[in-house]
Amino acid sequence: MTDKFLSEDFVKRLLAVVSADRGGRGVSKLSEPLEWQNAAAKFSVLKNIAVVSGFYVMDANAPETDGPSGAVVLARAYLKAGRRSEVWTDAPCIEVMRSAARALSYPEEFVNIAPRSLKDTNIDGLIFTERVGRAADGRYYNFKREDMSGVSAPLDGFCYEAKRFGIPTLGIGDGGNETGMGKLSDKLKYLLPDYAACISEVPTDYVFAVDVSNWGAYAFSAMLSHLWGKWVGIDTAEEMAVLKAITENGAVDGITKLSCCTVDGFEIDIQNAIISELHDIYEKQCRVLR
């Protein structure tokens, strides 16, 4: 276990930034501070994790801008803490994910198409962020209720394999159709009745419901930073750099379908404001404990 306590007040201040229902979907209202505290306690002691991401936008025939930077920031956090990590995705998203790694100075050789099975890996933790999860009918759907099974490898199956191997899992999502949201499926179906048939039924041990999946990854990196005693998250200058890199490699905004430096319709000034707020909360918490 860690030698620092992740206080409820600290977690609530972070969630007020990333789970404020800015997008109006209502999903982030399901975010629970205790869930984040428990996940932080579990994942802060792990030594070798894999982060799974990559969400394909069918209308644009390209991966979306939400996911890559959050995945790489979390994976990079573990390297900065002297641990090991990998980023896994599928073929349609691999080049965008590698461009995010280059922009964030994360070793590109650690970003790969996911293996067939966990049995040949030595990971001790698995994080899914903005990665589609199968619905009750076994198919994958976007928020327009379109079947995207043909462009989405079944990487959510790792959740069930991880359970057999005793590997903890964490899911981060903002729409209800992501891997991990199965843990909240009943609440999500009540919240989004018209979308109920498309809700992910794949649970993770821990799940974060947020406004934008990248923001959830950034907030979790702030929590890990607190527990590890140093900042391992993202900085504002890096946000524009990574968005430029992935859009130059074809990524598009999942809402607007445009290849521009926005995420889920939010402009760069909003992204930077989120990052600055998370860092300020972390710094204030550090001063309190000095």
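**Salt bridges and helix packing in a predicted model**

R139 pairs with D147 in a salt bridge whose closest N and O atoms are 2.9 Å apart. The structure in which this pair is found is a predicted model. Both partners are accessible in part: R139 is partly exposed at 38% relative accessibility, and D147 is likewise partly exposed, with a relative accessible area of 32%. Side chains of opposite charge can pair when their charged atoms come close. A search of the whole structure finds 16 salt bridges, and a few of them serve here as a path through the chain.

A salt bridge within a helix comes next. In helix 1, which spans residues 8-18, the side chains of D9 and R13 meet at 3.0 Å, N to O. The two residues are four apart in this helix, about one turn. An α-helix has 3.6 residues a turn, so residues three or four places apart point the same way. D9 has a relative accessible area of 48% and is therefore partly exposed, while R13, at 25% relative accessibility, also counts as partly exposed.

Another salt bridge joins D174 to R25, with the closest N and O atoms 3.1 Å apart. This pair links distant parts of the chain, for the two residues are 149 residues apart. D174 belongs to the loop between strand 7 (169-173) and helix 6, whereas R25 belongs to the loop between helix 1 and helix 2 (33-43). The surroundings of the two partners can be told apart by accessibility: D174 is buried because its relative accessibility of 3% falls under the 20% limit, while R25, at 25%, counts as partly exposed. Beyond such pairs, D59, K144 and E146 are linked in a network of salt bridges.

The loop that holds D174 leads towards helix 6, which covers residues 185-191 and includes S185. S185 is buried, with a relative accessible area of 8%. Leaving aside residues up to four places away in sequence, S185 touches I199, S200 and E201.

Helix 1 also takes part in a packing of helices. How do helix 1 and helix 7 cross? Their axes come within 10 Å and cross at roughly 160 degrees, helix 7 being residues 213-228. Because angles over 145 degrees count as roughly antiparallel, helix 1 is roughly antiparallel to helix 7. The crossing of these two helices is right-handed. On the helix 1 side, F10, V11, L14 and V18 form the contact, and they meet W215, A219, A222, M223 and H226 of helix 7. What is the chemical character of the residues in this contact of helix 1 with helix 7? They divide into eight nonpolar and one polar, with no charged residue.

Helix 4 gives a view of burial within a helix. In this helix, which runs over residues 94-103, I94, V96, M97, S99, A100 and A101 are buried. Which elements cover the buried residues of helix 4? The cover includes three strands, namely strand 3 (62-63), strand 4 (84-89) and strand 5 (111-113). It also includes helix 3 (68-80) and helix 8 (236-248). Just after helix 4, the backbone at S105 takes a positive phi of about 55 degrees.

Technical notes: Residues numbered from 1 in each chain as written. Predicted model: local features only at pLDDT ≥ 70, side-chain atom pairs only at ≥ 80, totals over all residues. Heavy atoms only, no water. Buried < 20%, exposed > 50% of the residue type's maximum accessible area, 1.4 Å probe, protein only. Contact = heavy atoms within 4.5 Å. Axes fitted to C-alpha atoms, helices over the stretch in contact; angles between N-to-C directions. Parallel < 35°, antiparallel > 145°, perpendicular 65-115°, else oblique. Left-handed = near helix turned anticlockwise from the far one by under 90°. Nonpolar A, V, L, I, M, F, W, Y, C, P; charged D, E, K, R; others polar. Salt bridge = Lys/Arg side-chain N within 4 Å of Asp/Glu carboxyl O.
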